Amino acid sequence: MNKVTVAALQIGSDYAGKAATLRNILAFEERIAAAGAQLVVMPEALLGGYPKGEQFGTRLGFRMPEGREAFARYYDNAVDIDGPELAELAGLSARTGATLVLGVIERAGSSLFCTAVFITAEGGIVAKHRKLMPTGTERLIWSQGDGSTMPVVETPAGKLGAAICWENHMPLFRTAMYAKGVEIWCAPTVDERDIWLISMRHIAHEGRCFVISACQVQPSPADLGTAVEHWDADRPLIGGGSMIVGPLGEVLAGPFERETGLVTAAIDTAELIRARYDFDVVGHYSRPDVFSLHVDERARRGTVFGGPLSD
């Protein structure tokens with residue numbers, strides 16, 4: 001038996017910037033400790049921000065100067081993997097004993113990645129996953145990840161993997177992660193729709209794994225004295241909906257909507273063998289004589305000195 005308490009921290013990026021967001025996360029330390037959470041999953045782009053509604057001054061074929069300024073501000077608010085913000089969160093993990101999985105906007109040279117970072121109490125930052133395919137106009141500001149950052153991480157809570165927002169809709173990505181033995185599927189997101197909740201239940205049922213979906217929550221732009229084109233002023237910009245799902249698709253906690261808070265559930269990874277008795281998607285139900293998947297996990301760099309391009 002491996003019964004543990006896991007949690008989704010539903011919280012939003014603070015409009016005042018990453019320092020304020022970090023303070024808001026750290027303010028949950030006592031609640032995380034009191035819950036005895038061994039794993040806390042936080043939303044996509046939490047440190048660095050998800051600039052919903054921002055156009056970055058771009059029209060097809062040209063970029064406006066104000067868009068370049070907007071990107072420069074966004075870049076300044078991003079984080080470095082070895083920077084002070086994540087070091088503070090490593091301290092939070094060490095003090096509470098909770099493994100943290102959270103979304104950040106990662107600086108790499110002059111480019112940005114939407115990244116999920118894995119932080120353990122014993123090892124600090126142990127892994128990261130860069131979003132493989134930014135969705136829609138996210139491609140204006142975020143680079144594509146590659147197969148070299150698709151970890152499954154061994155932790156006291158279980159084997160963790162992460163899929164960021166609409167990566168969860170990529171069937172081949174899901175198959176690769178299932179094949180790596182993921183037991184707890186972490187889904188940082190900003191998707192608040194009902195169909196997202198259905199997807200989370202589907203992935204849990206398909207992969208016969210536990211799923212923790214952590215969504216940002218943001219007030220209506222009108223509440224902040226700003227405006228987003230075509231947005232209903234009575235609706236929050238991002239409404240939350242964080243939830244925890246069991247390996248047969250049953251909702252264990254949530255969805256938690258429109259408020260900041262900690263969603264918790266007790267899980268037991270020993271249940272996974274029972275759940276996979278009649279459906280092991282990468283095992284007895286996989287039909288390798290008919291289907292196969294090749295996953296290229298090499299890092300892809302544009303410039304390599306003294307070695308092959310894919311080294």
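**Group meeting talk: a walk through a predicted model**

Let's begin with one contact: the side chain of Asp 268 reaches the backbone nitrogen of Ala 270, at 3.0 Å. Keep in mind that this is a predicted model. Asp 268 sits in strand β15, which covers residues 261–268. Asp 268 is buried, yet it has no salt bridge. Which side chain of opposite charge is nearest to Asp 268? It is Lys 3, at 5.3 Å. A salt bridge here would need the charged atoms within 4 Å.

Next, helix α5. This helix runs over residues 171–179. Which of its residues are buried? Phe 173, Arg 174, Ala 176, Met 177 and Tyr 178. What do they pack against? Three strands appear here: β7 (124–130), β9 (158–162) and β10 (184–189). Helix α6 (194–207) is also a packing partner of these buried residues. Just after α5 comes Gly 181, with a positive phi of about 90°.

Now the cysteines. A disulfide is a covalent bond between the sulfur atoms of two cysteines. How many disulfides does the structure hold? The count is 0. Take Cys 114. Why is Cys 114 not bonded to Cys 165? The closest cysteine sulfur to that of Cys 114 belongs to Cys 165, but it is 7.9 Å away, so it is too far for a bond. Cys 114 is also buried, at a relative accessible area of 1%. Cys 209 is in no disulfide either. Its nearest cysteine sulfur, in Cys 186, is 9.7 Å away. Buried or exposed? Cys 209 is buried, because its relative accessibility is 0%.

On to the rings. The model has 5 aromatic pairs. One of them joins Tyr 50 and Trp 142. Their centres are 5.8 Å apart, the planes meet at 65°, and the pair is edge-to-face. Where do the two residues sit? Tyr 50 is in the loop between β2 (37–41) and β3 (58–59). Trp 142 is in the loop between β7 and β8 (153–155). They are 92 residues apart, so this pair links distant parts of the chain. Tyr 50 is partly exposed, at 22% relative accessible area. Trp 142 is buried, at 4%.

Here is another pair: Phe 71 and Tyr 75. The ring centres are 6.4 Å apart and the planes lie at 40°, so this pair is tilted. Both residues lie in helix α3, residues 65–76. They are 4 residues apart, about one turn of the helix. Phe 71 is partly exposed at 24%. Tyr 75 is partly exposed too, at 21%.

Last stop: the backbone. Most residues other than glycine have a negative phi, and most peptide bonds are trans. Let's look at some exceptions. The peptide bond from Gly 254 to Pro 255 is cis, with omega near -5°. Pro 255 is in strand β14, residues 251–257.

Then Ala 45. Its phi is positive, near 55°. Ala 45 lies in the loop between β2 and β3. It is buried, with a relative accessible area of 0%.

Finally, Arg 258. Phi is positive here as well, near 65°. Arg 258 is in the loop between β14 and β15. Buried or exposed? Arg 258 counts as exposed, because its relative accessibility is 54%.

How values were computed. Residues numbered from 1 in each chain as written. Predicted model: local features only at pLDDT ≥ 70, side-chain atom pairs only at ≥ 80, totals over all residues. Heavy atoms only, no water. Buried < 20%, exposed > 50% of the residue type's maximum accessible area, 1.4 Å probe, protein only. Lys, Arg positive; Asp, Glu negative; His and termini not counted. Polar contact = N/O pair within 3.5 Å; in protein donor to acceptor, adjacent residues only side chain to side chain. Contact = heavy atoms within 4.5 Å. Disulfide = S-S within 2.5 Å. Phe/Tyr/Trp six-rings, centres within 6.5 Å; stacked < 30°, edge-to-face > 60°.
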